[in-house]
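Me: I'd like a close look at one charged residue in this model. Please start there and then work outward to the rest of the structure.

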Amino acid sequence: MAPETRVPERLDRAVIFLGPPGAGKGTQAKELARVYRVPHLSTGDMLREHVSLGTPLGMEAKPIMARGDLVPDSLVLKMVRDRIEQPDCSHGFVFDGFPRTVAQAQYLSVLLRQNGYRPALVVHFALDPALVLRRITGRRMCKVGGEIYNIYDRPPKVEGRCNNDGGELEQRPDDREEIVGPRLQAYEKQTEPLVSYYRRLGRLHDVDASKSVEEVKQRVLEIVRGAR
Ligand code: AP5
C-alpha cells in the first residue's frame with residue numbers, strides 16, 4: 001500500500017507552510033490536509049473570499065493584494081484567530097501563507113498556547129526565484145473547488161476545465177507578470193526573516209520545492225511523521 005493511502009495518525013498540531021510565492025505551498029497544504037483530514041487554512045484564500053464578498057475587510061485588502069503588498073497584520077490576525085477557534089480545527093490544521101511577518105509569528109505562538117496546542121511545525125519550501133515566474137504566471141485555479149493547475153507543468157486534462165468537477169479555471173489577478181516582482185520583494189523583506197526566526201527556535205524543516213509535486217509531498221509527509 002502506498003504510504004499516503006494508509007489510514008493516518010492524527011495531526012493534533014499546527015503545521016506552517018512557509019516559502020515564496022508559487023513555491024507550491026497551496027498545492028501541498030491541500031494534500032496534507034486531505035491526508036490528515038484537517039482544515040487547510042490559506043490566508044490568501046480567506047482574503048480573496050472577503051474580496052469577492054465585498055466585506056469591509058475585503059474592500060480594504062483588495063487594492064493592497066492587487067499591487068502585491070502584504071495586508072496589514074491588524075486585519076489578518078483577527079481573521080486567523082476567529083478561524084482557528086472553530087471546532088473543526090481541534091485536531092490540528094495546515095497554515096498556508098500565514099504567518100508572514102515576525103509579528104504574526106509571535107501572535108500565533110501565543111494563540112496556539114492559549115488554545116492548548118503544541119508549538120507549530122514549520123515546513124520551509126525553498127525555491128529559486130528564477131522558477132517563481134513560471135509557477136505563478138502558469139497557475140490556473142478552479143472557480144468551484146479551488147484545485148490548482150499549471151498550464152506548463154500540471155495542465156488539466158481538458159483545457160480550461162477542472163479535472164475534478166469540470167469547473168472553469170481562472171487566473172488570479174495578482175498572478176500577472178508585473179505583480180510577481182512586488183510579491184517577491186514583499187516576501188524577501190517581510191517574510192523571509194521568519195526562516196531564521198523559526199530555524200533558531202529549532203522548528204524549521206527544509207524542503208526542496210523545485211522537485212516534482214509527488215517528491216515534495218513525500219518529503220513533507222516524512223517531516224510531519226518524523227517530527228511526532
Ligand atoms: P497567497 O494566496 O498566500 O499567495 P502566495 O504566498 O504568494 O503564494 P501562492 O498562492 O502564490 O503560491 P503557493 O506557494 O501556494 O503555490 P501553489 O501551490 O499555488 O497570498 C496572496 C496575497 O494575499 C498576498 O500577496 C498578500 O497581499 C495577501 N496575504 C495572504 N496572507 C497574508 C498574510 N498572512 N499577511 C498579510 N497578507 C497576506 O503553486 C504555484 C504553481 O506551481 C501552480 O500552478 C502549481 O500547479 C505549480 N506547482 C506547485 N508545486 C509544483 C511542483 N512541485 N512542480 C511543478 N509545479 C508545481
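Is E178 buried or exposed, and what is its relative accessible area?

Reply: A word on the model before the residue. It is predicted.

E178 is exposed. Its relative accessible area is 52%, and the cut-off for exposed is over 50%, so E178 falls in that class.

Next, its partner. E178 forms a salt bridge with R176. The closest N and O atoms of that pair are 2.9 Å apart. R176 has a relative accessibility of 38%, so R176 counts as partly exposed. Side chains of opposite charge can pair when their charged atoms come close.

There is also a salt-bridge network to look at. R139, R172, D174, D175 and R183 are joined into one network by salt bridges that share partners. A search of the whole structure gives 18 salt bridges.

Now the ligand. There are 34 residues around it. Those that come nearest are T27, D69, R100, R139 and R183. R139 and R183 are also members of the salt-bridge network. R172, another member of that network, has a polar side-chain atom 2.9 Å from a ligand oxygen atom. T27 has a polar side-chain atom at 2.6 Å from an oxygen atom of the ligand. R100 has a side-chain N or O atom 2.6 Å from a ligand oxygen.

Back to charge pairs. K78 and D82 form a salt bridge, with 2.7 Å between the closest N and O atoms. They sit 4 residues apart in helix α4, so about one helical turn separates them. K78 is partly exposed, at 45% relative accessibility. D82 is partly exposed too, with a relative accessible area of 30%. R83 and D88 make another salt bridge, at 2.7 Å from N to O. R83 is partly exposed at 23%. For D88 the relative accessible area is 42%, so D88 is partly exposed.

Some charged residues have no such partner. Take K25, in helix α1, which spans residues 25–36. K25 is buried but has no salt bridge. Its nearest side chain of opposite charge is D96, 5.0 Å away. A salt bridge needs the nitrogen within 4 Å of a carboxyl oxygen, so a pair at 5.0 Å does not qualify. The K25 side chain instead reaches the backbone oxygen of P20, at 3.0 Å. Beyond its neighbours within four places in sequence, K25 is in contact with F17, L18, G19, P20, D96, G97 and F125.

D96 gives the view from the other side. D96 is in strand β3. D96 is buried and has no salt bridge. The D96 side chain does make a polar contact with the side chain of H40, at 2.9 Å. Neighbours within four places aside, the contacts of D96 include F17, K25, G26 and A29. H40, L41, S42 and T43 are also in contact with D96.

That leaves the nonpolar interior. The largest nonpolar core has 34 residues. V71, I84, F93, F95, L112 and Y198 have the most contacts inside it. Elements that each supply at least two of its residues include β1 (14–18), α2 (43–53), α3 (56–66) and α4 (73–84). β3 (93–96), α5 (102–114) and α8 (193–200) do so as well. The largest share, 6 residues, comes from α4, the helix that holds the K78 and D82 pair. I84 touches L41, C89, F93, F95, L111 and L112, not counting residues up to four places away in sequence.

Another core, of 26 residues, lies apart from it. A23, A33, V132 and V216 are among its residues. V216 sits in helix α9, residues 213–226. V216 has a relative accessible area of 4%, under the 20% limit, so V216 is buried. With neighbours within four places left aside, V216 is in contact with Q28, F125, V207, D208, A209 and K211. F125 is also in contact with K25. The C-alpha atoms of V216 and K157 are separated by 22 Å, with their positions 59 residues apart along the chain.

To come back to the start: E178 is exposed, and it forms a salt bridge with R176. K25 and D96, by contrast, are each buried without one.

Key: Residues numbered from 1 in each chain as written. Predicted model: local features only at pLDDT ≥ 70, side-chain atom pairs only at ≥ 80, totals over all residues. Heavy atoms only, no water. Core = buried A, V, L, I, M, F, W, Y, C linked by side-chain atoms within 4.5 Å. Buried < 20%, exposed > 50% of the residue type's maximum accessible area, 1.4 Å probe, protein only. Contact = heavy atoms within 4.5 Å. Lys, Arg positive; Asp, Glu negative; His and termini not counted. Polar contact = N/O pair within 3.5 Å; in protein donor to acceptor, adjacent residues only side chain to side chain. Near = heavy atom within 4 Å.
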